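User: I would like a close look at a single part of this model. Please keep the answer connected and brisk.

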Amino acid sequence: MRIYILMLTVALLAASAMVAAEPAKEKSYEVPYRLTLPKHLMVRAKINGKGPFNFILDTGAPALFFTEAVAARAGVKADEKGWGECERFELEGGLVIPKARGRIDTPFQLEGMNGMGLAGAEIHGLIGYNILAQYRMTIDLASDRMLWTPMAWTPERPIGFGDAGGSAAQGSLEFIGSMMKGLGGMLGRKATPAVTGRGQAGILLRDEVDGPVVASVLKGSPSDTAGVKQGDRLRKVADRSVTSSAEALDFAAKHAAGKTLALQVERSGKSIDLTINLVEGY
Amino acid sequence: MKKTIIVVLLIACLSSHVRAEAPVASAAVTVPFTLLKTGHMTVPVKLNGKGPYTLIFDTGAPMSIVNNRLARDAGLLKDKPVALFAPFGSRGEVKVKDFEVGGQKAADVKVAIMDHPTVELFSKHFGPIDGIVGFPFFARYKVTVDYQKKTLTFEPGTYNPPDVMQAMLRAILSPESADGAVRVVSGGAILGFGVNQENRTSGPALVVDRVYLGGPADIGGLKKGDHLTLVNKRWTDTPADLLEALSTIKPNGAVQVEVERMGKTMTLELLGAAGL
């Protein structure tokens with residue numbers, strides 16, 4: 001039953017809301033994005049130098065939306081109709097959108113996704129028609145960047161169903177947001193999960209016919225301290241046999257900084273077990 | 001126990017659809033769209049040769065949706081029993097063998113059948129609109145959206161979209177997603193440097209506090225004290241930002257790094273190395 005509700009609510013995460021527009025100059029910009037867990041195209045933006053905030057690129061949204069909390073942090077004031085103009089709305093990749101007008105509101109899709117932690121990151125808003133129409137956009141999922149070209153024209157202003165705009169125009173779907181918040185609570189989800197990096201050992205590897213070999217040990221790194229030597233043949237990582245550097249990395253991938261990593265190397269025909277104290281590093 | 005039930009239901013829901021994707025080779029197709037007064041766009045869609053139907057094109061939709069009217073008309077309801085719990089007329093997902101958006105054809109595209117209230121609302125105002133074209137279709141293409149010309153161009157791409165529902169449920173049910181769990185991000189190569197987070201008046205900033213001699217970062221010219229501003233064009237204000245920006249690096253892959261050093265902005269190119 002719950003899975004059914006889940007499927008349904010996921011299916012419903014596709015709707016809409018209402019509104020204004022502005023023109024721009026010629027030049028293309030690469031805009032980095034990433035995919036959220038439910039495969040939304042997520043871009044980051046700084047508003048008036050604050051942020052970055054996470055936005056979903058949504059041709060199904062009539063306008064830019066961002067939450068009250070974002071507006072407060074970025075110092076964007078809402079007019080009597082609930083709209084605010086951003087002095088500076090900068091997308092990651094360097095594209096600055098002039099006079100971006102957005103509706104300060106929390107569409108139910110955001111409540112739902114954030115409540116369940118569905119996106120894998122907190123979503124702060126949607127970028128919809130009033131902004132998107134000013135650009136020609138090329139999206140290729142095989143690349144981690146989109147291409148945005150400002151167009152020299154003034155798109156038509158969209159109109160809403162009635163003058164209500166925002167969530168009032170979504171056709172009685174508002175309850176889904178709170179329903180998914182409820183589900184999220186049951187499953188114990190958070191909007192922003194804690195993130196850490198794979199710990200660094202400080203070994204460079206090269207692949208030879210019979211497996212990975214230590215090409216060099218970075219001086220002063222944990223592997224140096226633990227006694228790994230250049231030329232050591234890497235046999236095991238985290239107690240699993242390895243046949244390539246890619247496999248070695250794979251087996252080490254979930255070992256965070258501060259943890260230890262067990263390595264087994266072969267040196268002059270002898271097998272040696274070493275324990276590396278992983279550090280934060282890139 | 002609850003999780004076991006979810007998993008069993010999930011398998012029951014999804015396993016019947018598992019089949020190999022048949023690649024469809026075709027050229028770029030430009031499809032004119034209709035811009036509704038609300039700023040939404042609609043496109044003509046044929047399903048298994050039936051139609052055309054009018055659907056909303058939505059980059060923010062993780063799934064494609066069709067209503068019961070269309071599903072019945074296009075013969076998608078065969079073998080679909082009516083569930084006891086079917087709000088919004090939901091009938092689950094089906095795989096459409098031939099999914100065509102204005103002349104661009106894709107094979108075996110999943111759609112969910114339901115009477116989405118927002119779609120119904122649009123239909124009431126703008127004439128028959130029977131669903132939403134979302135990620136499972138457009139992700140297969142290099143898509144260009146041109147609001148000025150009112151066209152969508154679909155050029156066959158190399159990305160093979162995963163099953164969104166499956167991916168989400170897997171993510172929700174994985175131990176990593178439990179409360180208090182920490183996600184470990186791992187790039188595919190090593191650069192050999194470390195950073196320290198500083199709080200500046202402008203906000204958080206990452207400052208390089210360690211560069212291993214002879215490592216890839218050292219060879220690429222990174223120095224201790226450099227303020228990292230961009231990695232592969234992504235902002236790097238926090239360690240989490242840096243991890244995400246470096247999560248896609250590969251051995252021998254170039255990493256573009258912008259730093260501020262003594263008040264000057266410079267761009268360096270580092271080369272990732274295989275290693276741990």
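Which residue in strand 6 of chain B is the bridge partner of B:Leu47? Please build the answer around strand 3 of chain B.

Analyst: B:Leu47 has B:Phe99 as its bridge partner in strand 6 of chain B. A word on the basis comes before the rest. This is a predicted model, in which local features need pLDDT of at least 70, side-chain atom pairs count only at pLDDT 80 or more, and totals for chains, interfaces and linings use all residues. Residues are numbered from 1 along each chain as its sequence is written, while chains are lettered from A and ligands numbered from 1 in the order in which they are written.

Start with the chain. Chain B holds 7 helices and 17 strands. Helices (H or I, at least four residues) and strands (E, at least two) are DSSP runs, numbered from the N terminus. Of its 276 residues, 42% count as buried. A residue is buried if 20 or more other C-beta atoms lie within 10 Å of its own, exposed if 12 or fewer, and partly exposed in between, with C-beta atoms placed from the backbone. Contacts also bear on the chain. Two residues are in contact if their C-beta atoms, placed from the backbone, lie within 7 Å. Among contacts in chain B between residues at least 6 apart in sequence, 59% join residues at least 24 apart.

Now the strand itself. Strand 3 of chain B spans residues 41–47. It is largely enclosed by the rest of the structure, because 5 of its 7 residues are buried.

Next, its pairings. Two strands pair if DSSP finds at least two bridges between them. Take strand 2 of chain B, residues 34–35, which runs antiparallel to strand 3 of chain B and is joined to it by 2 bridges. In one pairing, B:Leu35 is matched with B:Met41 of strand 3. These two strands form a hairpin with 5 residues between them. In the turn, B:Gly39 has a positive phi of about 95°.

Strand 4 of chain B covers residues 50–57. It is antiparallel to strand 3 of chain B, and 6 bridges join the two. Here B:Pro44 stands opposite B:Thr54. This is a hairpin as well, with 2 residues between the strands. B:Asn48 takes a positive phi near 50° there.

That leaves strand 6 of chain B, residues 93–101. Its pairing with strand 3 of chain B is antiparallel and runs over 3 bridges. The B:Leu47 and B:Phe99 match belongs to this pair of strands.
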